[in-house]
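Here is a protein model with a ligand, to be read with an eye to what each term rests on. How far can the words used for its pockets and contacts be traced back to their criteria?

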Amino acid sequence: MSGLVELRRLATPQDLFQAAADEVILAASEAIQQRGRFTIALSGGSTPRSLYTLIAANASASLPWDKVLFFWGDERHVPPTDSDSNYRMAFETILSKLPVPAANIFRVPAENPDASAAAEAYELTLRKSFSLGPVEVPRFDLILLGMGPDGHAASLFPETAALQEKSRLVVANWVEKLHASRITLTLPVLNAARRVAFLVSGADKATVLHEVLEGKAPGEKYPSKLVRPSEGKLIWFVDRAAASELSTAA
Ligand code: 6PG
């Protein structure tokens with residue numbers, strides 16, 4: 001069974017960030033009302049950065065932040081102090097600006113020189129935080145994703161081993177073109193979420209967005225195509241520039 005897919009077209013990047021911020025607050029309010037907490041996986045990249053900045057500036061009074069648990073969809077294989085760290089980016093733009101208890105922040109221990117060990121440790125963190133049995137998969141309330149110019153999502157890059165993973169929750173993924181390992185949630189986790197939101201902005205994403213949403217190439221070539229929550233909602237937030245090669249009418 002496949003869940004709902006929604007394409008939300010916004011005129012400008014600023015409209016896109018506002019719409020995505022509204023969705024975060026809505027998803028959080030619903031989750032806290034229904035289950036007493038909100039679990040969100042953050043993304044790296046420049047597009048989410050603007051969203052975090054907007055939420056921090058405008059929404060600090062909108063939520064009981066002590067009921068929000070922050071995780072990461074992926075991480076670069078660097079220490080948390082590194083300028084490439086997704087944790088550091090989120091800390092600087094949003095987490096340090098809101099009254100979030102330190103105990104609610106679950107970062108990937110990517111300072112471990114062994115990326116596979118970091119992935120295993122993070123899998124254990126997820127199992128504990130979501131009280132999972134050995135074969136259960138966490139159900140995030142919201143996973144935020146950017147989309148790379150090659151169609152990657154989280155750190156699931158085209159034609160990499162992590163795309164085949166069926167049982168692990170988190171893996172280290174060697175990305176030859178970056179000459180680096182990334183640590184990433186796997187497709188079973190992305191596709192078990194209640195909501196997944198892609199944020200795609202800018203003309204440089206137009207061709208790949210067309211390929212992902214309308215093209216016939218296999219998912220191994222454009223991994224964002226493989227993100228299809230089976231019983232959740234998938235929302236594509238796209239601005240006019242990113243949507244400019246889509247065939248469907250605005
Ligand atoms: C990362 C990511 C990655 C990112 C996309 C889009 O750590 O880089 O999590 O998946 O979200 O590459 O990045 P931009 O928004 O910068 O294009």
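The questions below take up the pockets and the ligand of this predicted model.

Q: What makes the contact between Thr 47 and the ligand a polar contact?
A: A polar contact needs a pair of N or O atoms within 3.5 Å. An N or O atom in the side chain of Thr 47 is 2.5 Å from an oxygen atom of the ligand, and therefore the pair meets the cut-off of 3.5 Å.

Q: Why do Gly 44 and Lys 205 also count as making polar contacts with the ligand?
A: For Gly 44 the atom concerned is a backbone N or O, which lies 3.0 Å from an oxygen atom of the ligand, while for Lys 205 a polar side-chain atom lies 2.5 Å from a ligand oxygen. Both pairs count because the limit is 3.5 Å. As for cover, the protein takes up 90% of the 420 Å² of accessible area that the ligand has on its own.

Q: Where does the ligand sit, and what does that statement require?
A: The ligand sits in the largest pocket, which means that more than half of its atoms lie within 2 Å of the grid points of that pocket. About 250 Å³ of space lies in this pocket, and among its 18 lining residues Gly 44, Gly 45, Met 147, Gly 148 and His 152 are the closest to its centre.

Q: What makes a residue part of the shell around the ligand, and which residues come nearest?
A: A heavy atom of the residue has to lie within 4 Å of the ligand. There are 16 residues around the ligand, of which Ser 46, Thr 47, Asp 74, Ala 154 and Lys 205 come nearest. The largest share of this shell, three residues, comes from α2, and α2 also gives the most to the lining of the largest pocket, again with three residues.

Q: How is the lining of the largest pocket divided by class, and why does glycine fall where it does?
A: Four of the lining residues are nonpolar, ten are polar and four are charged. Gly counts as polar under the scheme used, so Gly 44, Gly 45 and Gly 148 belong to the polar class.

Q: Which classes make up the lining of the second largest pocket?
A: This pocket, with a volume of about 180 Å³, is lined by seven nonpolar, one polar and three charged residues. Ser 224 is polar because serine is in neither the nonpolar nor the charged list. The largest share of the lining, three residues, comes from β1.

Definitions and conventions
Residues are numbered from 1 along each chain as its sequence is written. This is a predicted model: local features need pLDDT of at least 70, side-chain atom pairs count only at pLDDT 80 or more; totals for chains, interfaces and linings use all residues. Side-chain values use heavy atoms; hydrogens and water are left out. On a 1 Å grid over the protein atoms alone, a cavity is a set of points where a 1.4 Å probe fits but cannot get out, and a pocket is an open set with protein on both sides within 12 Å along at least five of seven lines; lining residues have an atom within 4 Å of a point. Grid points are joined across faces, edges and corners, and a volume is the space filled by probe spheres set on the points. Helices (H or I, at least four residues) and strands (E, at least two) are DSSP runs, numbered from the N terminus. A polar contact is a pair of N or O atoms within 3.5 Å; within protein, one must be able to donate a hydrogen and the other to accept it, and residues adjacent in sequence count only if both atoms are side-chain atoms. Accessible areas come from the Shrake-Rupley method with a 1.4 Å probe; for residues, only the protein chains shown count as cover.
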